[in-house]
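What follows is a short report on a single protein chain, arranged by topic and meant to be read with the coordinates open.

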Amino acid sequence: MPVSAPSPPRLLHSPFIHRPINFTPSSFSAKNLRSPATTTTSYPRIKAELDPNTVVAISVGVASVALGIGIPVFYETQIDNASKRENTQPCFPCNGTGAQKCRLCVGSGNVTVELGGGEKEVSNCINCDGAGSLTCTTCQGSGVQPRYLDRREFKDDD
């Protein structure tokens, strides 16, 4: 059986590697795989070519994920902190009284209607039933300014 001469080393080429890797069948022998400390193998550097559009896309993606997680967490902590504090701020529309002047009778409780011929008819206001004031719709009569989320009524409309 004739013995052939060893073949010359083959080179592996890749656009991501700066220099070609020398590949020989003897470099992957069992002896070399068991004792890597005895060999002085230099590993190739991998070059990453990123164009500016790729960098921008990755940055926007990371920022979007961070904001998508961070904003709800921020609001949850603010809601928790606000619920621990006592709310003593007086209501803006009613100045803390819990009642607002009726807009139809302007607080008098009576509505005056001018009829023809100089006649006037005075009757009780149908909006406030003659009281002259209505319960404040912002604070629901408590006189305390509600917090932002307390003003909303959340309904499950499903």
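## Cysteine pairs

In this predicted model, the sulfur of Cys125 has its closest cysteine sulfur in Cys128, at 3.7 Å, which is too far for a bond. A disulfide is a covalent bond between the sulfur atoms of two cysteines. The cut-off applied here is 2.5 Å between the two sulfur atoms, and the separation of 3.7 Å between the sulfurs of Cys125 and Cys128 is therefore too far to qualify. Cys125 itself is buried, with a relative accessible area of 1%.

A second pair is described in similar terms: the cysteine sulfur closest to that of Cys91 belongs to Cys94 and lies 3.7 Å away, again too far for a bond. Cys91 is buried as well, its relative accessible area being 2%. For the structure as a whole, the number of disulfides is zero.

## Overall architecture

How many helices and strands make up the secondary structure of the protein? There are two helices and six strands, and, read from the N terminus, these elements follow the order β-β-α-α-β-β-β-β. Among the contacts in the protein with a separation of 6 or more, 51% are accounted for by residues that stand 24 or more positions apart.

The protein has 158 residues, of which 9% count as buried; Cys91, with a relative accessible area of 2%, is one of the buried residues, and Cys125, at 1%, is another. The accessible surface of the protein amounts to about 13,500 Å², and carbon and sulfur atoms contribute 57% of that area.

## Helix H2 and the annotated span

Helix H2 covers residues 52-84, and Ile79 is found in this helix. The UniProt record, an unreviewed entry, places the feature "transmembrane region" at residues 55-75. In the model, the span 55-75 is 100% helix and 0% strand, and the C-alpha atoms at its two ends lie 30 Å apart.

Which residues make the nonpolar surface patch of about 500 Å²? The patch is formed by Leu67, Ile71, Phe74, Tyr75 and Ile79. Of these members, Ile79 is partly exposed, with a relative accessible area of 36%.

## Thr138 and its contacts

Thr138 is placed in the segment after S6, the strand formed by residues 133-135. With a relative accessible area of 26%, Thr138 is partly exposed. Once its neighbours within four places in sequence are set aside, the residues in contact with Thr138 are Cys91, Pro93, Gln145 and Pro146.

The contact with Cys91 links positions that are 47 residues apart along the chain, and the C-alpha atoms of Thr138 and Cys91 are separated by 7.5 Å. In this contact, Thr138 is the partly exposed partner, at 26%, whereas Cys91 is buried, at 2%.

## Positive phi angles

Where does Asn95 lie? Asn95 belongs to the loop between H2 and strand S3, the latter formed by residues 99-101. The phi angle of Asn95 is near 55°, a positive value in a residue other than glycine, and Asn95 counts as exposed, with 65% relative accessibility.

Gln140 likewise has a positive phi angle although the residue is not glycine, with a value near 60°. Gln140 lies in the segment after strand S6, a segment in which Thr138 is also placed. Is Gln140 buried or exposed? At 59% relative accessibility, Gln140 counts as exposed.

Technical notes. Residues numbered from 1 in each chain as written. Predicted model: local features only at pLDDT ≥ 70, side-chain atom pairs only at ≥ 80, totals over all residues. Heavy atoms only, no water. Buried < 20%, exposed > 50% of the residue type's maximum accessible area, 1.4 Å probe, protein only. Patch = residues over 30% accessible without salt bridge, like charges linked within 9 Å, V, L, I, M, F, W, Y side chains within 5 Å. Areas by Shrake-Rupley, 256 points an atom, 1.4 Å probe, with all protein chains shown as cover. Salt bridge = Lys/Arg side-chain N within 4 Å of Asp/Glu carboxyl O. Helix = DSSP H or I, 4+ residues; strand = E, 2+ residues; numbered from the N terminus. Contact = heavy atoms within 4.5 Å. UniProt positions renumbered as here; feature names shortened; annotations may be inferred.
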